[in-house]
Amino acid sequence: MKRASGWRAWFRRAVLALALLQAGAARADRTDEAWRRGNDAYLHGDYAGAVAAYEELDRQALVSSDLYFNLGDAYYRQGNLGRAIWSFERAAAVDPDDDDARYNLTQARKIADRRAHDKIEGADREPFWMRVVASLAPATETWLFTAFYLAFFAVFAALWLRRRPTAQPRALLGASASILGAAALLTGVLLAGRAYLDRVPSGVILPDAVAVKEGADTNYRTSFELHAGLRVRLLDRDQDWLRIRLPNGLEGWIREQDVGRL
Amino acid sequence: MNVPRLKTTLPATLAALMALSARRVHAEPPAFLAEVDRNVVSPGDVFVYEVTVNTSGERVDNYHAPDFKGLTVVNAPRGPNQSTQMSMGAGGTFIQTSYSWHYELAAAAGQRGVIAIGPAHIRVDGREMRSNVVNVRVGAGAAPPAGAPGSGAGAAPTPQEEAPPPASAGDSSFIRAAPDKTKAYVGEQVTVTWSLYLTQRQDKYETITESRTDGFWSEDVSPPSRNQLSLTQEILGGRAYQVATLFKRALFPLQPGKLAISPMESEIAQVDFFGSKVRRQRLKTEPVEIEAVPLPKAGQPDGFESTNVGKFTIAARTDRATIAVGEALTLTIDIAGQGNLRNVRAPALPRLDGWKTYEPKITVNIDPGETVSGKKTIEYLILPERAGTTMFPSFELAYFDPATKSYAVTKSDPLRVEVTGGSGGDKAVVAGPGPHATGGAGPVENVISTEIRPIRARATLNRDLGATFYRSRPFLGVLFLPPLGLVLGRFVARVRARLAQDSQRNRRRRVRQMVRQRLGAAEAHRDSGRRSEFYIEIDRVVRDVLAARLRRPVAGLRMDELRDLLLARGMPADEARRVIAELESCDLGRFAPAETGGTAPREQMNAALERAGELIVAIDKVPLREEASA
């Protein structure tokens, strides 16, 4: 009797796993279908259609530098420079070695600057460690750390758990563990820096011009005006308002919809 | 609209009225405002930062000073400065309490740039409030422009103009909507002022129903104040009124005919000691009607747009005169003047052959003042696709000027832009629908400029899983499983070693148990007189003990083989001899019980039992080598 119920439980699990696999495959099909639809619309000059398809994918929280890049191109063709810059920034953040994204970002910024240029006086340069962390792709940092970390523990386990290692392999294992441990520590620090940066998010101004208020309400006075494409730090949130900080320390409040989070 | 404070602006001769108006009418939501005495300071300069909350008796606690961002606090308050105003009158007593924290701050020597102070936090009747952020620029420089960071609370109210007498001025308070004209052209500005006339002190004002201005485009020229309302003295029909301008609107008729401005309803009241409204009064404006006259047909220029009513000038400019192929040029059209600028239709950008155009960016800046005026800016971003000279013709704007009751046309200057670096040589292009004047036949240089790099049209979407893996739960597994595995492995190894030790001990315990059982069985055989079984038991127990020590069976071995084995495993010769002798004695006892000597069989068995016990102890103690090393 017990045996029969055990088989039934296994059967149920197997069916569930199969259903999950099938659902995953169906979702992947839908993703690719929307991706192709967006590309097709773009190549036929239907930039609104392309944006709609790419945004549909973006809402699924997919992380893809290709998606952000194409979305940026579609926004650019629509003349929506703020969102184009935001998308290229996202693509470059996911893959800092993406030359195409960096090139398009420069082009979009150049044109946005010709419309309106925000000259930030007294802006501080980002600290060195932030520039180092941001210069590497998150994926590269993650995989390097994971590889070094696991290899370190594998070697360390071999060293520690082995009962009577002879002198030569022991020295070799010790040296390997030291090198791998140092590499894991270094990449771990980079990854911790990245996690810290995630906690202090930044964003890009989306509309052509946005009035920055002294408080989280339209009735507050306007402190200053910002224009599309400017990067700002996001400090605080009050309902649908965000407190932002410029590189020179200037602060104010804008509506959440006017900022694209990076 | 609620009015927190009625502030008089009349001279001291109206002391009674000033006393009347200097008090707070109603404490609508408590204001928590931060201010600085100046916005630009030099390093080392001491300046004042003050944050104030005004309440009408609410509990104030949990004040947290703002983050001063590295500024030196020269002087900090130990607690708030508290001031209470109490007014007594026919309507009761009203108490207003202000709490302010006064700081003296200074910028450090090396500190420069803009510093954002704030917000400060406070709890008023359990509700968290935060003050506005105040920006201070540290460094030499001029004062910031209007609307720049750091400006304090609301702007000063505009001076009150003397309004014409109302149609229904009576003895009591009233409100009135007064247009500056009752007949206007479609699109012409009509300024309407909504005013409050008070015959006695009032503590609260509230708008019940706003006026509807259907058929008009409405622009606030003096929006409703949220904080303060200024009162002035006016004599109407021989009676003194305190007059407050509530708000002003510029209305632009959108269609001809009689257009109505519906009445606005409001309520005024006095407040008693407990803050309850007493002596409420409903006020309502008289309906206002504006006659909108259609624009004259005579003299209407071609291309005139009916929204262009006012007085305007137009100008066009480019941000550069020479540009390379692929670069962006900004063509700006400015329309300045008086009128409904937001609705003014700018002339369309003509078709630009060889140029790529983007949707324009339109901004409208309205200047402060009762007459709506300012500038509308249309910025086109255009990109040349080939080299040559482009002439942008004049942009023309036809408008109707209500002041002169005539049409006029304003024109911009034509513009010339040289495009270099592409094909076309000296080719000249005239923008517009007309024929293009082209010239020159130089060598064609096909410049392929790069705008942006094309999309990635792969069949499937690549995902960057690693970009977010470090924020996922599986990554926590990667992080914690290896050290846990290591600790677990170490633990298992220790347990296994311990178990190995335990098995040796257990083996000895089992042997001792077996010895006890066998010797007990032998004693039972002895007591029953079963001699043969007794010796079999003794023989077996000795052999089992040997087998346990040697970790190999010894049951089938002959005596000489057993002796050799014992000697080979390091048992001393005497002990080996004892073992063999005892086993032979057992054999003898089993097979020839009658010939084992002259002693009685029971005593023989007792002696054998005693010898076997001693032998077992000796076997257990003697050191033996392992079979492999033997």
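**Exercise 1. Confidence in chain B**

Determine how many contacts beyond four places in sequence the model has for residues 422–449 of chain B, and how these residues should be read.

*Solution.* Step 1: Over residues 422–449 of chain B, pLDDT stays under 50 in this predicted model. Step 2: For this stretch the model nevertheless has 55 contacts beyond four places in sequence. Step 3: Residues 1–28 of chain B also have a pLDDT below 50, and 65 contacts beyond near neighbours in sequence are found for them in the model. Step 4: Where pLDDT is low, predicted coordinates should not be read in detail. Step 5: For chain B as a whole, the average pLDDT is 77, and 80% of the residues score at least 70. The model itself scores ipTM 0.76 and pTM 0.43.

**Exercise 2. The contact between the chains**

State how many residues each chain brings to the contact, and identify which element of chain A gives the most to the side that touches chain B.

*Solution.* Step 1: Chain A contributes 58 residues and chain B contributes 48 residues. Step 2: On the side of chain A, the elements giving two or more residues include the helices α1 (2–43), α7 (138–161) and α8 (167–199), and also the strands β3 (222–227) and β6 (251–255). Step 3: The most comes from α7(A), with 12 residues. Step 4: Sorted by class, this side of chain A has 28 nonpolar, 18 polar and 12 charged residues.

**Exercise 3. Two hairpins in chain A**

Describe how β5(A) pairs with β4(A) and with β6(A), and find which residue in each hairpin has a positive phi.

*Solution.* Step 1: β4 (residues 231–238) and β5 (residues 241–245) of chain A pair in the antiparallel sense over 5 bridges; here Arg233(A) stands opposite Arg245(A). Step 2: Their hairpin has 2 residues between the strands, and Gln239(A) takes a positive phi near 55°. Step 3: β5(A) and β6(A) also run antiparallel, joined by 5 bridges, and Trp241(A) has Arg255(A) in β6(A) as its bridge partner. Step 4: This hairpin has 5 residues between its strands, with Gly249(A) in the turn at a positive phi of about 95°.

**Exercise 4. A sheet in chain B**

Give the strand order of the open sheet with 3 strands in chain B and name its edge strands.

*Solution.* Step 1: The order is β16-β21-β22, with antiparallel pairing. Step 2: β16 (204–209) and β22 (277–284) of chain B are the edges, each pairing on one side only. Step 3: From one strand to the next, the twist averages 20°. Step 4: β21 (residues 265–271) of chain B pairs with β22(B) over 6 bridges, and the partner of Ile268(B) in β22(B) is Gln281(B).

Notes: Residues are numbered from 1 along each chain as its sequence is written. Chains are lettered from A and ligands numbered from 1 in the order in which they are written. This is a predicted model: local features need pLDDT of at least 70, side-chain atom pairs count only at pLDDT 80 or more; totals for chains, interfaces and linings use all residues. Two residues are in contact if their C-beta atoms, placed from the backbone, lie within 7 Å. Helices (H or I, at least four residues) and strands (E, at least two) are DSSP runs, numbered from the N terminus. Ala, Val, Leu, Ile, Met, Phe, Trp, Tyr, Cys and Pro count as nonpolar, Asp, Glu, Lys and Arg as charged, and the others, Gly among them, as polar. pLDDT is the predictor's confidence in each residue, from 0 to 100. Two strands pair if DSSP finds at least two bridges between them. Axes are lines fitted to C-alpha atoms, for helices over the stretch in contact, and angles run from 0 to 180 degrees between N-to-C directions.
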